[in-house]
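This briefing covers a single model, shown below. The topics are the sheet, the nonpolar cores, the largest pocket and one loop residue.

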Amino acid sequence: MGESDSATSGIVVLISGEGTNLQAILDQAACAELGAPVSAVISNRPGVRGLHRAREAGVPDRVVDHTAHAGREVFDAALMAEIDAWQPRLVVLAGFMRILTDAFVRHYRGRMLNIHPSLLPLYPGLNTHARALAAGDRWHGATVHFVTEDLDSGPPVLQARVPVLDGDTPDTLAARVREQEHRMYPLAIRWFIAGRLELSGNRAMLDGEPLPPSGYPMEDLNSEASHE
């Protein structure tokens, strides 16, 4: 087990870098708005800003350095052992820049979420903002989805769109997408912790009803209260 019984059934967040989505999650956890505590923050890279964010919030931080392990399978086994020590109810990927093995994903099936900076199924993988601009897209955005074995292809939960503006660069577009990410990720976590969100087969379900294939559109949520 982790450091205390209060960690049990909490949330473990995996990061690799800056941790801006982590910060949005920590802010809501501090106000008891998530419905469960963040038990631990785990990074595959030492010294990143996200670890400092965890410490500033009083959340235990751990490092499982992927460079110290001989291959993906060995690293994933070590990471799984660290996660399971906290007995989390939910595992949240927040800028975790590792491709996970199928065995790892199956172990947490139905209780692991990711957020991806594109309107999935468009642009899985990296450099999504530049790819959207290069394609001349009018809309871009982000998607919260359950994690399955196929990269960035799990059932969507929430999707937020932002317009692509004249003169946008990857950085300016990313900044507007990130604003939406910070709204939508804590909301999806709250739904899960409240028992409203689940993975059934290969479909995300909210309140027992299947969500649209692209996930619930954030623009249809006039306020969080309208769907709480």
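A residue counts as buried when its relative accessible area is under 20%, and as exposed when that area is over 50%. By that cut-off, every residue of β5 is buried: M112, N114 and H116 point one way from the strand, and L113 and I115 point the other way. The model is a predicted one. The points below start with the sheet to which β5 belongs and then move on to the cores, the pocket and the loop.

**Sheet**
- Eight strands form an open sheet in the order β3-β2-β1-β4-β5-β6-β7-β11, and the pairing is mixed.
- The edges are held by β3 (61–63) and β11 (216–217); each has a single partner strand, so one side of each has no neighbour in the sheet.
- In general, the strands of a sheet pair through backbone hydrogen bonds, in either a parallel or an antiparallel sense.
- β1 (residues 11–15) pairs with β2 (residues 38–43) in the parallel sense, over 5 bridges.
- Within this pairing, I11 stands opposite V38 of β2, and V13 has V41 of β2 as its bridge partner.
- β4 and β5 also run parallel and are joined by 3 bridges; the bridge partner of L93 in β5 is N114.

**Burial of β1 and β5**
- In a regular strand, side chains alternate between the two faces of the sheet.
- In β1, I11, V13 and I15 lie on one side and V12 and L14 on the other, and both faces are covered, with all of these residues buried.
- Because 5 of the 5 residues of β1 are buried, this strand is largely enclosed by the rest of the structure.
- The count for β5 is likewise 5 of 5 buried, so β5 too is largely enclosed by the rest of the structure.

**Nonpolar cores**
- In soluble globular proteins, nonpolar side chains tend to be buried together.
- The largest nonpolar core here has 45 residues, and those that touch the most other members are V13, V157, L158, Y185, I189 and W191.
- α6 supplies the largest share of this core, 10 residues.
- Another core, of 19 residues, lies apart from the largest one; among its members are A40, L79, L100 and V147.
- Leaving out residues up to four places away in sequence, V13 touches L22, V38, A40, V41, I42, V92 and A94.

**Largest pocket**
- The volume of the largest pocket is about 1100 Å³.
- It is lined by 40 residues, of which G95, M97, I115, P117 and L126 are the closest to its centre.
- Four elements give two or more residues to the lining: α1 (20–30), β5 (112–116), α5 (128–134) and α6 (170–193).
- The most comes from α6, with 5 residues.
- Sorted by class, the lining consists of 16 nonpolar, 15 polar and 9 charged residues.
- I115 therefore appears twice in this account: as one of the buried residues of β5, and as one of the lining residues closest to the pocket centre.

**Loop residue T101**
- T101 sits in the loop that runs between β4 (90–93) and α4 (102–107).
- T101 is buried, because its relative accessible area is 10%, and the cut-off for buried is under 20%.
- Beyond its neighbours within four places in sequence, T101 contacts R72, E73 and D76.
- T101 and D76 are 25 residues apart along the chain, and their C-alpha atoms are separated by 7.0 Å.

Notes: Residues numbered from 1 in each chain as written. Predicted model: local features only at pLDDT ≥ 70, side-chain atom pairs only at ≥ 80, totals over all residues. Heavy atoms only, no water. 1 Å grid on protein atoms, 1.4 Å probe; cavity = no way out; pocket = protein on both sides within 12 Å on 5 of 7 lines; lining within 4 Å. Points joined across faces, edges and corners; volume = space filled by probe spheres on them. Nonpolar A, V, L, I, M, F, W, Y, C, P; charged D, E, K, R; others polar. Core = buried A, V, L, I, M, F, W, Y, C linked by side-chain atoms within 4.5 Å. Buried < 20%, exposed > 50% of the residue type's maximum accessible area, 1.4 Å probe, protein only. Contact = heavy atoms within 4.5 Å. Pairing = 2+ DSSP bridges.
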